[in-house]
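Here are my notes on the two enclosed spaces that you asked about, set out as numbered points. Please read them with the model open beside you.

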Amino acid sequence: MQFGRTTLSKFVIEHTRGQHSEMGALLIDVAAAVKTISAMVGKGALSGFSGLAEAINVQGEEQKKIDVMANEAILRHCEWGGQLAGMASEELDVPYAIPEGYPRGRYLLVFDPLDGSSNSDVNVSVGSIFSILMRPEAGDAETADYLQPGTEQIAAGYAIYGPATMFVLTVGSGTHGFTLDRESGNFILTHPDIRVPEDTREFAINTSNERFWEPPVQRYVAECKAGKTGVRGADFNMRWIASMVAEVHRILMRGGIFMYPKDNKDPAKPGRLRLLYEANPMAMLVEQAGGAASTGRVRILDVAPDALHQRVPVILGSKNEVERVERYHHEHDAGTDRPFVSPLFSDRSLFRETA
Ligand code: F6P
């Protein structure tokens, strides 16, 4: 029985009173879309949405039917309410204009409707990620309105469709988790004020890319793998689900570090993950929970976007580990990570010490 427990609607109304009360209504629509997607994903092969949609999205990735359906669910649930000036989605080349006949608002909703969807046909957790920005006035948004650094986000969150469906949200005052009670249809606050431990012995990275990484990431991972016998003096464990939402959720629950770093696999791409609807919302959630999020060189939330679907390197999670990886990047850039070897005093030098 859930009487007396805090529902997502109650939480949102209480936490968006005043300046952002209209955003409260928008968040409730986002949650309705998430319940629709949760029901579709939860049906698995019975939904009729397995397999490819036979289309390629703007990222050059094959769209799955479930990607298209999840995108539709968010657009339809959120377009009508009068809070939005527009929406941008991973699945759409250009921003979505609010249809004629619906009122316009000041908020911008940016989202990845189904992240990690390569996992959907194998019954592994997937999720939806969203970020809310604002433009100065109500009206029809243009692409330039969306190109704001993550520090400007008013709210961010994700839904994870796992054994349980959860909605994890920040409106700038902590990160809070809600679990879907499938019987009542309510999201119930089950994880108030989530905190990410500052230290961890668990890392997540796709090591098949190791040969393409930059030296600071190779150094960090080599040290983790060396375990007790290496410079870290401790054994580390590795995880890779290939679903960013599931990875970030694990980190929010018990700490860890997640990396999709810069690599030279495709020099045209500075990273794999998208800044506006993957990196920024996750960075805000993790920072609000006491963790850190960096490109390796700068704080993710400080990156000024220049394109809607811009990619960025992502290193996020337990603060002390993220700061260590950042330090390795700075040492590498300054050249101080390589032991100094003077040609005058090296093995072949005239001044070589003799026994
Ligand atoms: O598009 C994003 C994503 O699916 C993330 O959810 C996940 O972390 C990553 O890509 C998986 O990448 P890879 O295919 O290299 O394992």
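1. By class, the lining of the largest cavity consists of seven nonpolar residues and one polar residue, with no charged residue among them. This is a predicted model, and the residues in question are Val30, Val34, Ile74, Leu109, Phe111, Ser128, Ile129 and Phe130.

2. Helix H2 (21-42), strand S4 (107-115) and strand S5 (126-134) are the elements that each give two or more residues to this lining, and the largest share, three residues, comes from S5. The space inside the largest cavity is about 40 Å³, and the count of cavities of 30 Å³ or more comes to one.

3. The ligand, for its part, sits in the largest pocket, where strand S12 (257-260) and strand S13 (273-274) are the elements that give two or more residues to the shell around the ligand. That shell divides into six nonpolar, three polar and four charged residues.

4. Of the 13 residues around the ligand, those that come nearest are Asp115, Asn206, Trp240, Met244 and Tyr260. For two of these the polar distances can be stated: an oxygen atom of the ligand is 2.9 Å from an N or O atom in the side chain of Asn206, while a polar backbone atom of Met244 is 2.7 Å from an oxygen atom of the ligand.

5. Arg274 also deserves a look, with an N or O atom of its side chain 3.1 Å from an oxygen atom of the ligand. On its own the ligand has 400 Å² of accessible area, of which the protein covers 84%.

Technical notes. Residues numbered from 1 in each chain as written. Predicted model: local features only at pLDDT ≥ 70, side-chain atom pairs only at ≥ 80, totals over all residues. Heavy atoms only, no water. Near = heavy atom within 4 Å. Polar contact = N/O pair within 3.5 Å; in protein donor to acceptor, adjacent residues only side chain to side chain. Areas by Shrake-Rupley, 256 points an atom, 1.4 Å probe, with all protein chains shown as cover. 1 Å grid on protein atoms, 1.4 Å probe; cavity = no way out; pocket = protein on both sides within 12 Å on 5 of 7 lines; lining within 4 Å. Sits in = over half its atoms within 2 Å of the grid points. Helix = DSSP H or I, 4+ residues; strand = E, 2+ residues; numbered from the N terminus. Nonpolar A, V, L, I, M, F, W, Y, C, P; charged D, E, K, R; others polar. Points joined across faces, edges and corners; volume = space filled by probe spheres on them.
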